[in-house]
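Reader: Could you walk me through this model, one question at a time?

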Amino acid sequence: MMTRSLGYPTLQSNIRKDLCLTWRNISYTVERKVNGGSLRAIFGLQHTEFIRLLNGVSGIVNSGMLMAIMGPSGAGKTTLLATISRRVKGEATGDVLLNGKPIDTDQMIRISGFVPQMDLAIESLTILEHMEFMACMKMDRRLRANVRRQRIMVLLGELGLGKCITTKLSALSGGERKRVTLAVQLLTEPSILFCDEPTTGLDSYGAMTVVKTLRDVAASGRIVICTLHQPASGLLDIFHEVLLLSSGRVAFQGSSIDAMKFFDSLDLRCPPTFNSAEFFVSQLSIVRGREAESYRKVNWICDQYEKSKHSQKMSKLIDYSCFMDSGELPAIFSQISLSPKDFKKARTLTQLRWLTWRTYVDYKRNSASLLLRFTTYMFIGLLIALPYMNITGQALNQGGIQNMQGLLYLVVVETVFTFNYAVFYTFPRELPLLLRDIASGLYDPTPYYMSKVIVLIPGAIIQPLLYAAFIFAITGLKGGLLGFVYFALPVVVCAVSASALGLFLSASFQSVNTASLFSVPLDFLGLMFCGIYLHLGYLAPGIAWLKYLSQFYYGLEAVSLTQWPLIDHINCSPDPEEPCVSSGREVLEKYGYSPNHYTMDIIGLLVIFGICHFAGFLVIRHRSRKEPVY
């Protein structure tokens, strides 16, 4: 049995016990879109306003300390945490220094961990599976698998999770989820740990347990900084220091006892039976209906702090830390340790393998929804096939042309719609997790996107193949075994290309509703040029090229070419005045289809598949770089 006595020299050497993290004059402004209506929102035409979330914030914390950043909602707590942890995406002014030396994003990510407020993860994984995935992504690839597993088991044991390693994340309590997230960040033995509201959603006992765990983490020589919103009574006393924020300004930094003395000096006294944390927050809150008065009070408190001895003391400590002798800098800043040889990230193929495994496990454990979707698809196939049962078993007449072409049309359209809309949820559901993982340097957008494609393709091949076989057998379509192969191929390729277009739309919009809304005109345009509603041979030159953008055109022409050339004779109407289409090739001409376009149709669908996936990947890569994560 593994115990806490197990040692990991290669990991433990990363813990520094002489660090001083300083931030000075931090200001952060964001652009926000002002809602101008849904139509303006769709086309990105909203007005832009600039909002300052942080205004000249400074602070300092040393190794072995547990600090709480506290304040009312909208005070800038999470923004400050993300800024000093170098994980915010945007332009922040001011300095973030470690032992007096500026630290960039890559360096900070290398030596720190960030426990987010929202526990984003793939819910269907067990604790052990989630930890193994994160260990492979976060830890040096030169470490053997048994070393990673040993590290995982020790951490889970220390955090009281050893008995539930096979429990799915979705079945964990709030406190257990927080401890799992903490365990993930401790995998690499970070010297600095940032926690965004680790007690939110927990009862008082669970919150106390988590904060005591964080204090133990700090006692090992780390810097631990947390944001808190509404801490339970007595919770604030566990922290070494508290940093109070309001409206983006510092209202106090120091111990909770000194904070109480400072507010007493302002004649703002906390009642004896009142929770001190709630008292601080209440004094710094903006009261609805009394906004102007509240802002004046908050600015007055912040101004008084800047004049106080507590602020002067912090200013001296910050100034001193900014002029530390370069010889005191920790080894993490040496050119050798920061070279690529120092840390080996998981290779792209390794990332792809683990991401594909994670996606596959998630799909497998949510098989009920997949089975329901497949059953619905096959049931619709049955509804399509029954009216056309044994359609080729009798002599074909002029009315039968519409029946046959209607069957082929429904086969293609149902397949495209099913596989296009089935993947709309893929990226909107996982995008927050993706952005956070990529910002943390966990993996790259390329293997992530490829993993989705790899897992989707087998289903997009097998399901339409069974669907095509089902319909082919019931309706008695012509061609035998070889004819079935030629019939099923465009149906399968339609499904694959439709899923590619669906992934592109899924990647491009933040919600399924918006993606669905945007897909309606695309589907309408594609259906218009599929050959059923317009004669493709008589289109105006200016719009004739639009048919080459339609999956429905390629799919319907290809399946039509598998049946109509095999029909040599079609009975004419007894009425000599009615027009007569007497052969399958004349039917193809009637709809504007070319008998030698089968290969071109397959290639056209594959081109749509490639273009849509490439465009979807570019959108995901762009969004992962540009969108804010915290």
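Below, we talk through the domains, the cores, a helix and two asparagines.

Author: First, a word on the source: this is a predicted model, where local features need pLDDT of at least 70, side-chain atom pairs count only at pLDDT 80 or more, and totals for chains, interfaces and linings use all residues. Residues are numbered from 1 along each chain as its sequence is written, and side-chain values use heavy atoms, with hydrogens and water left out.

Reader: How far apart do the C-alpha centres of domain 1 and domain 2 lie?

Author: Domain bounds come from an automatic or database domain assignment. Domain 1 covers 61–125 + 188–307, and domain 2 covers 358–386 + 398–473 + 481–560 + 605–626. Contact (heavy atoms within 4.5 Å) links 9 residues of domain 1 with 13 residues of domain 2. The C-alpha centres of the two domains are separated by 47 Å.

Reader: Which helix gives the most to the largest nonpolar core?

Author: A nonpolar core is a set of buried Ala, Val, Leu, Ile, Met, Phe, Trp, Tyr and Cys residues joined through side-chain atoms within 4.5 Å; buried means under 20% relative accessible area, exposed over 50%, and partly exposed in between (1.4 Å probe, protein chains only). This core has 125 residues, with Leu 21, Trp 23 and Ile 225 touching the most other members. Its top contributor, with 8 residues, is helix H5 (residues 127–138).

Reader: Where does this core lie relative to domain 1 and domain 2?

Author: Both domain 1 and domain 2 give residues to the core. It therefore lies between them.

Reader: At which residue does H17 bend?

Author: Helices (H or I, at least four residues) and strands (E, at least two) are DSSP runs, numbered from the N terminus. H17 spans residues 445–475, 31 residues in total, and reaches 45 Å from first C-alpha to last. A bend is the angle between axes fitted to the seven residues ending at a residue and the seven starting there. In H17 that angle is about 25°, with Pro 458 following within four residues of the bend, at Leu 456.

Reader: Is Asn 99 buried or exposed?

Author: Asn 99 sits in the loop between strand S4 (92–98) and strand S5 (101–102). Its phi is positive, about 50°, although Asn 99 is not a glycine. At 1% relative accessibility, Asn 99 counts as buried.

Reader: What is the relative accessible area of Asn 390?

Author: Asn 390 belongs to the loop between helix H14 (367–385) and helix H15 (398–421), and its phi is positive, near 55°. Asn 390 is partly exposed, with a relative accessible area of 44%.

Definitions and conventions
The expected span of a helix is 1.5 Å times one less than its number of residues.
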